[in-house]
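Here is a short set of exercises to work through with the model open beside you. Try each task before you read its solution.

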Amino acid sequence: MGLNKEAYQTILEHCFASGASLVAVSKTRPVEDIFELYNAGHRDFGENYVQELTTKYEALPKDIRWHFIGHLQSNKVKFIAPFVHLIHGVDSEKLLLEINRQALKFNKVIQCLLQVHIAKEETKFGFNEEELKALFEKKLIGTLSNIEVRGLMGMASFTGDMKLVEEEFKQLKQLFDSAKNYVSSMDTLSMGMSGDYQLALSCGSNMVRVGSLLFGPRD
Ligand SMILES: *Cc1c(COP(=O)(O)O)cnc(C)c1O
């Protein structure tokens, strides 16, 4: 299918107007598609699977900023720790500790977003509001010398009910604003995908993760 350049320009304009950045979600896409967008000047790409990400990292230019946006298992952190730019889906204390441990080993600081469960569905990963608050009050994050928590990430319910999606986005924005009182390094709110990124921007997102609008539908 390949890159839709017109869609790319439109999404960029929307992001620019909101002061947001665009993560091009390239999971399942061939390196040729990524390279085409890279040649258009884009540097932020998002992947969901560790194996796929490491293969693409090796094949593509080293100034790409790789975002890990999937569910990350603790035992796989070591494979992406040397090069990952931002891990969006940190959803447990155990994972935080392991990322810190691996970052220490590679003598770097890894940037993370905490994933928050905002959708009504049971299947989505993430902290709920109480768990997030408990994590902050424990003051663990400040002790992790090799992690920088940059913000929150969330996914709305998979539904055509845009009123519900809007409610969920607004709830996440509110959580983000109060979370900033606990963790001063927080400046990033990652929410919005192909079907809802404009709504997300209007609700205060400053990082959207868009795949199929850019590259066409996935199999
Ligand atoms: C796949 C994926 C996206 C992009 O989805 P599109 O609908 O193709 O834009 C965004 N965020 C996460 C976490 C994803 O897994």
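**Exercise 1. Work out what share of the residues of the protein count as buried, and how its radius of gyration fits a compact globule.**

Step 1. Of the 219 residues, 51% count as buried; buried means under 20% relative accessible area, exposed over 50%, and partly exposed in between, with a 1.4 Å probe and protein chains only. This is a predicted model, in which local features need pLDDT of at least 70 and side-chain atom pairs count only at pLDDT 80 or more, while totals for chains, interfaces and linings use all residues. Residues are numbered from 1 along each chain as its sequence is written, and side-chain values use heavy atoms, with hydrogens and water left out.

Step 2. A compact globule of 219 residues would have a radius of gyration near 17 Å, and the protein agrees because its own value is 17 Å. That radius is taken over C-alpha atoms, and the globule rule is 2.2 Å times the number of residues to the power 0.38.

Step 3. For the overall dimensions, the C-alpha trace spans about 45 × 45 × 30 Å along its principal axes.

**Exercise 2. Find where K56 lies, and decide whether K56 counts as buried or exposed.**

Step 1. Look in helix 3, residues 50-59, for K56. Helices (H or I, at least four residues) and strands (E, at least two) are DSSP runs, numbered from the N terminus.

Step 2. K56 counts as buried because its relative accessibility is 6%.

Step 3. Leaving aside neighbours within four places in sequence, the contacts of K56 (heavy atoms within 4.5 Å) include S26, K27, E47 and W66.

**Exercise 3. Describe the shell of residues around the ligand and its polar contacts, beginning with K27.**

Step 1. The ligand is surrounded by 13 residues, with K27, S194, G211, S212 and R218 the closest; a residue is near if one of its heavy atoms lies within 4 Å.

Step 2. Strand 6 (147-155) and strand 8 (207-210) each supply at least two residues of this shell.

Step 3. Now check the polar contacts, pairs of N or O atoms within 3.5 Å. A side-chain N or O atom of K27 is 2.7 Å from a ligand oxygen. In R209, a side-chain N or O atom is 2.9 Å from a ligand nitrogen. G211 uses a backbone N or O atom, 2.8 Å from a ligand oxygen.

Terms used:
Polar contact = N/O pair within 3.5 Å; in protein donor to acceptor, adjacent residues only side chain to side chain.
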